[in-house]
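Student: I've got a model open and a few labels I'd like to understand. Can we go through them together?

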There are 2 protein chains.
Amino acid sequence: MGIGTLASRAGCQVQTVRYYEQIGLLPPAMRNAGNQRRYDNATLRRLTFIRHARDFGFSVEAVRELLGMADHPDMPCDHADAIAKRHLEEVEARIERLSALRDELKRMVAQCAGGRVDECRIVEVLSDHQQCLHAADHGGQQTIR
Amino acid sequence: MGIGTLASRAGCQVQTVRYYEQIGLLPPAMRNAGNQRRYDNATLRRLTFIRHARDFGFSVEAVRELLGMADHPDMPCDHADAIAKRHLEEVEARIERLSALRDELKRMVAQCAGGRVDECRIVEVLSDHQQCLHAADHGGQQTIR
DNA sequence: ATAAAACCTAAAGCCGCTATAGCTTCAAGA
DNA sequence: TCTTGAAGCTATAGCGGCTTTAGGTTTTAT
Ligand SMILES: [Zn+2]
Ligand SMILES: [Zn+2]
Ligand SMILES: [Zn+2]
Ligand SMILES: [Zn+2]
């Protein structure tokens, strides 16, 4: 199949497939007489695995390792498990951080009475971190992903 | 004060201050005889506002609008409120998506018995989206932030 | 034969900074 | 006053994970 068919079957964009080839997640594709990439079902399965892992939020580097392990079915799965556990922890940390953020935002929005900017609770809170309840949960230089 | 003092009081890096000036969040700074930036307390307050809003996860464009409104205290605050509400909704959507992800990851990790790769539940699930419970909650081409 | 759709490569753009390189200026101690 | 080291300057590149654009070639359908 061509790259368009492959991409649509895997649920991603054509350029993404070429990008994955470029960074070595997919092997260099076979070409037809006119230099266009041709794929088989093995590559479709590989790409589907990649997309699924990415949808799970695994980084490209993690996906690279997971793919490497999927290529060796007779090896022990310890490392795959470690990667998944670490990712789970990261996801849980993000959820906690976002939840604190959500609470603070809710409080902010709820207290706005809809008047002038200088009476607005939103602008007021943003101007003064002291007015935050869970002050420790944001204000560092961490990202909020 | 100099840029280093400003940055450390606002809790950000020196380069970030210069970056904010470059993208127009901060006005072009006054310079001393040796071409170094000098700041007053008004700029410190503005930078603190920016950092606080960024810590809340507002995008730079949202911060730009919020700043514009904070500069006009006599205007109605409708738009600030709309921005905050929309951001709250986005945060809630992220939390929901991440929670579904967390559940799926937990299930995956819990079911791994620690054997060979070809018996590993993690590799198995990643290979086959059918095995996911909340299949709809991931698998699109959305990002998982 | 022609035109539209799909494909090709290479390079730039996105976000929000962060880091590097190679310079100049400032502040404090001897 | 001289010297050193910290702090500042500009310009540019890099991060992740793609997406977009530009300018071409090949395939496919009529
Ligand atoms: Zn308001
Ligand atoms: Zn705060
Ligand atoms: Zn396992
Ligand atoms: Zn799935």
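Student: At what angle do helix H1 and helix H3 of chain A pack, and how far apart are their axes?

Tutor: Keep in mind that this model is predicted. In it, H1 (residues 3-10) and H3 (residues 41-55) of chain A pack at about 45 degrees, with axes 9 Å apart.

Student: What makes H1(A) oblique to H3(A)?

Tutor: Put the angle of about 45 degrees against the cut-offs: under 35 degrees would be roughly parallel, and 65 to 115 roughly perpendicular. The angle fits neither label, so H1(A) is oblique to H3(A).

Student: Which residues meet there?

Tutor: From H1(A), Leu6(A), Arg9(A) and Ala10(A) meet residues of H3(A) including Leu44(A) and Leu47(A).

Student: Over to the metal: what coordinates the zinc ion (ligand 3)?

Tutor: Cys77(A) and Asp81(A) do, along with Cys112(B) and Cys120(B), at 2.2 to 2.5 Å.

Student: Why is its arrangement called irregular?

Tutor: Four donors count as tetrahedral if all angles lie between 85 and 135 degrees. Around the zinc ion (ligand 3) they run from 90 to 137 degrees, and 137 is past that upper limit, so tetrahedral is out; the arrangement is irregular.

Student: How do you know that Cys77(A) is buried?

Tutor: Buried means under 20% relative accessible area. Cys77(A) has 1%, so the label fits.

Student: And what makes Cys112(B) count as buried?

Tutor: Its relative accessibility is 16%, which is still under 20%, so Cys112(B) counts as buried.

Methods: Residues numbered from 1 in each chain as written. Chains lettered and ligands numbered in written order. Predicted model: local features only at pLDDT ≥ 70, side-chain atom pairs only at ≥ 80, totals over all residues. Heavy atoms only, no water. Axes fitted to C-alpha atoms, helices over the stretch in contact; angles between N-to-C directions. Helix = DSSP H or I, 4+ residues; strand = E, 2+ residues; numbered from the N terminus. Parallel < 35°, antiparallel > 145°, perpendicular 65-115°, else oblique. Contact = heavy atoms within 4.5 Å. Donors = N, O, S within 2.8 Å, 3.2 Å for Na, K, Ca; no water. Tetrahedral: all angles 85-135°; square planar, octahedral: opposite > 155°, others 65-115°. Buried < 20%, exposed > 50% of the residue type's maximum accessible area, 1.4 Å probe, protein only.
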